[in-house]
Each structure stands twice: as C-alpha cells, then as structure tokens.
Amino acid sequence: MSAAAANTKPVAELKKPIPLPFAYTFASGAIAGCTELLLLYPLDVVKTRQQLDTAKTSTGMVQTFKNIVSQEGPGRLYRGILPPLFMEAPKRAVKSSWGAFFTNNGQRKNTQSLAIVTGCFAGATESFVVTPFELVKIRLQDKNSSFKGPLDVIKHSFRTSGPLGLYQGMEATFWRHWWWNGGYFGAIFGVKNQLPKATDKKGELLNNLVAGTIGGFVGTALNTPFDVVKSRIQLHGTGEWTYPALIKVAQTEGLGALYKGFAPKVLRLAPGGGVLLLVVEALSTVFRGYLGAPYI
C-alpha cells in the first residue's frame, strides 16, 4: 500500500466534525423551540378550544379561529404564551441530555430503535418538567378564563389544590409526551434513511424539513387522544386517570372526539417539526463556525 493511500483514512477522519458541546446543542434547541412557538402559537390556542369543547358536533378549526378574533380580539390568539416560552429551555435540556446519553455524545451510531427509545425516555422525563407550565397555559387559553395572568393561575391552584395542584394531569402529560417523542424521533430517523443522500447544504436543509414535517405528523397522530384528555383534566382538575378518561370521551362523544383539535395541532406540529430542525441546523452551523476546529 502506498503512503498516499495509507494516509487517506486518517485525513478523512480529521475532517469529520465532532458533536457540539452540550451548552451549544441546548441553546440551538431552545432558540428553535421559541421560534416555532412564536410563529405558530395561535394554532395551539385554536386546538385547545376545540379539545375543551364537549359537544358532539364541535366547531371547525377555521370557524373557531374566526370566533376568537371577532368575539375576543386577535390578541387572544396569544393568550397564555408565556408559560410555554419559559418551559422551552428546560424541555430542550431534557431532550438534549437523553440524546447525548444514548448516543454517548455522538460517538455511538444512532439507529431507528435507539431514536425511538431516546424519544420515549425524553418524553417521560419531560412530562415532569412541563406539566405545571401546561396547566397554567390551558387555564389561560380557555374561553371562559378570567385569570389575569400566569401568576393568578398559580395562586389559585395553590389556594384550591395545594402545592401539588400544578401537577394535575401529569399522568396524561406523560403519555402525551411519550407517544409524541417516540413517534417524532423514530419517524425522522426512518424518513431520513429513505431520502436521497444530500450532496450540499441546501439538500440537507430540504431533507431536514421533509423529515421533520413527517415526524411532526406521526407524533401528532399518535398523541392527540392523550392531549385531548390532558387538556380537560388540567382545566377542571378532575384527577382522572388517562385511559379511563379516553374511554369516557369515546363513549359520550364518539371516537372522533379523541381527535378534536387534530387539524390545528397537525398544522402547527408538522411544519413546526420541520422549522425546529431547520433552525437547529442553521444555529449549529453558526456555532461550529464560531468554535472552529475540531467542530467544523
């Protein structure tokens, strides 16, 4: 073997970038999450309104949107946005931590099974972090909400349900995030493997957008029934268990009721999944350029 041939592999390995430090991965995820939230939050309000509607013939997405704007004003479409903004950082920290753990900071080759397991573990841990934020958000988004703001919801919860009142609906939140994360990460990995390998940065961004969008759709299809019962449990503080609540909704309102709010939810989270990946990749590129070798 010639000296030139012998040196080919080491040179290629030297040029391979290593994973970014945790702080940068975390920052990319948090900024991406906040970007997606600010762009698409009105759809989340519409989704919650539909999920809280217990009528057998519920109002459609477009009409719900029009009703909110005409009856309550356009500002109502952003009511309750502060809690999810504040929870983005800890939520992304959880996702990044499990991703780093299962892939050994990028040293272990990822597989679809590993991606699903990572997502499920992230979802399970995430539920403990996000439940209080979700409860406050739901109670602010409700049409009949008279709370002045997040602090008013927190005070009311402490006064009526004690310190653990903010964790009402945690079990339903657990299942919602378990199914979302497992479906989302598993689908992204599978779709990326089926897409033509990108030959340039533009192709890579397109692949991320397609994979993220499909992943968002799959995650939404899996977790919407759990999201419906979570919203209702957190609004009323009933303390119901998730699966009996699912059966109750199906029996009283029909199976279709388990997918109330699906249209605005999927319109937010399918493209939102693509937006997340695009922003994360763009920021990662910026951070790699800032840090220099060996990250580029």
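# Cavity, pocket and buried residues: a briefing

In this structure, glutamate 253 touches Asp53, Thr54, Ala55, Lys56, Arg232 and Lys260, leaving out residues up to four places away in sequence. Please keep in mind that the model is predicted. The notes below begin with that glutamate, move on to the open and enclosed spaces, and then visit a few other residues and the UniProt records.

**Glutamate 253 and its partners**

- Glutamate 253 sits in helix α9, which covers residues 242–253.
- Is glutamate 253 buried or exposed? Its relative accessible area is 14%, and because the cut-off for buried is under 20%, glutamate 253 counts as buried.
- The side chain of glutamate 253 has a polar contact of 2.6 Å with the side chain of arginine 232.
- Another polar contact, of 2.8 Å, links the side chain of glutamate 253 to that of lysine 260.
- Both of these partners, Arg232 and Lys260, also appear in the list of residues that glutamate 253 touches.

**The second largest pocket**

- The volume of the second largest pocket is about 320 Å³.
- This pocket is lined by 15 residues, and those closest to its centre are Arg49, Gln50, Asp53, Thr64 and Lys143.
- Three elements each give two or more residues to the lining of this pocket: α2 (22–52), α3 (61–72) and α8 (201–236).
- Which element gives the most to the lining of the second largest pocket? That is α3, with five residues.
- By class, the lining of the second largest pocket has seven polar, five charged and three nonpolar residues.
- Asp53 links two of these topics: Asp53 is among the residues closest to the centre of the second largest pocket, and Asp53 is also touched by glutamate 253.

**The cavity**

- Rolling a probe the size of a water molecule over the atoms reveals where empty space remains.
- How many cavities of 30 Å³ or more does a search of the whole structure find? The search finds one.
- The largest cavity has a volume of about 390 Å³.
- Its lining is made of 26 residues, with Lys91, Arg176, Trp180, Arg268 and Leu269 the closest to the centre.
- Elements giving two or more residues to the lining of the largest cavity are α2, α4 (82–102), α5 (112–141), α7 (170–194) and α10 (262–291).
- The element that gives the most to the lining of the largest cavity is α10, with seven residues.
- The lining of the largest cavity divides into 13 charged, nine nonpolar and four polar residues.
- Helix α2 is listed for the lining of the largest cavity and also for the lining of the second largest pocket.

**Buried residues in α2 and α7**

- Threonine 48 belongs to helix α2, and with a relative accessible area of 0% threonine 48 is buried.
- Beyond residues up to four places away in sequence, threonine 48 touches Ile138 and Gln141.
- Alanine 172 is located in helix α7 and, at 2% relative accessibility, is buried.
- Setting aside neighbours within four places in sequence, alanine 172 contacts Phe226, Val229, Lys230, Ile233 and Thr242.
- One of those contacts, valine 229, is 57 residues away from alanine 172 along the chain, yet the C-alpha atoms of the two are separated by 7.0 Å.
- Glycine 183 is also found in helix α7, and its relative accessibility of 10% makes glycine 183 buried.
- Leaving out neighbours within four places in sequence, glycine 183 is in contact with Gly215, Val218, Gly219 and Leu222.
- Glycine 183 and leucine 235 are 52 residues apart in sequence, and their C-alpha atoms are 26 Å apart.

**A cis peptide bond**

- Most peptide bonds are trans.
- The bond from alanine 293 to proline 294, however, is cis, with omega near 5 degrees.
- Where is proline 294? Proline 294 lies in the segment that follows α10.

**What the UniProt record adds**

- An unreviewed UniProt entry places "repeat: Solcar" at residues 20–105, 110–194 and 203–286.
- In the model, residues 203–286 are 85% helix and 0% strand, and the end C-alpha atoms of this span lie 18 Å apart.
- The unreviewed UniProt entry also gives the annotation "transmembrane region" for residues 22–41.
- Residues 22–41 are 100% helix and 0% strand in the model, with end C-alpha atoms 27 Å apart.

Terms used:
Residues numbered from 1 in each chain as written. Predicted model: local features only at pLDDT ≥ 70, side-chain atom pairs only at ≥ 80, totals over all residues. Heavy atoms only, no water. 1 Å grid on protein atoms, 1.4 Å probe; cavity = no way out; pocket = protein on both sides within 12 Å on 5 of 7 lines; lining within 4 Å. Points joined across faces, edges and corners; volume = space filled by probe spheres on them. Helix = DSSP H or I, 4+ residues; strand = E, 2+ residues; numbered from the N terminus. Nonpolar A, V, L, I, M, F, W, Y, C, P; charged D, E, K, R; others polar. UniProt positions renumbered as here; feature names shortened; annotations may be inferred. Buried < 20%, exposed > 50% of the residue type's maximum accessible area, 1.4 Å probe, protein only. Polar contact = N/O pair within 3.5 Å; in protein donor to acceptor, adjacent residues only side chain to side chain. Contact = heavy atoms within 4.5 Å.
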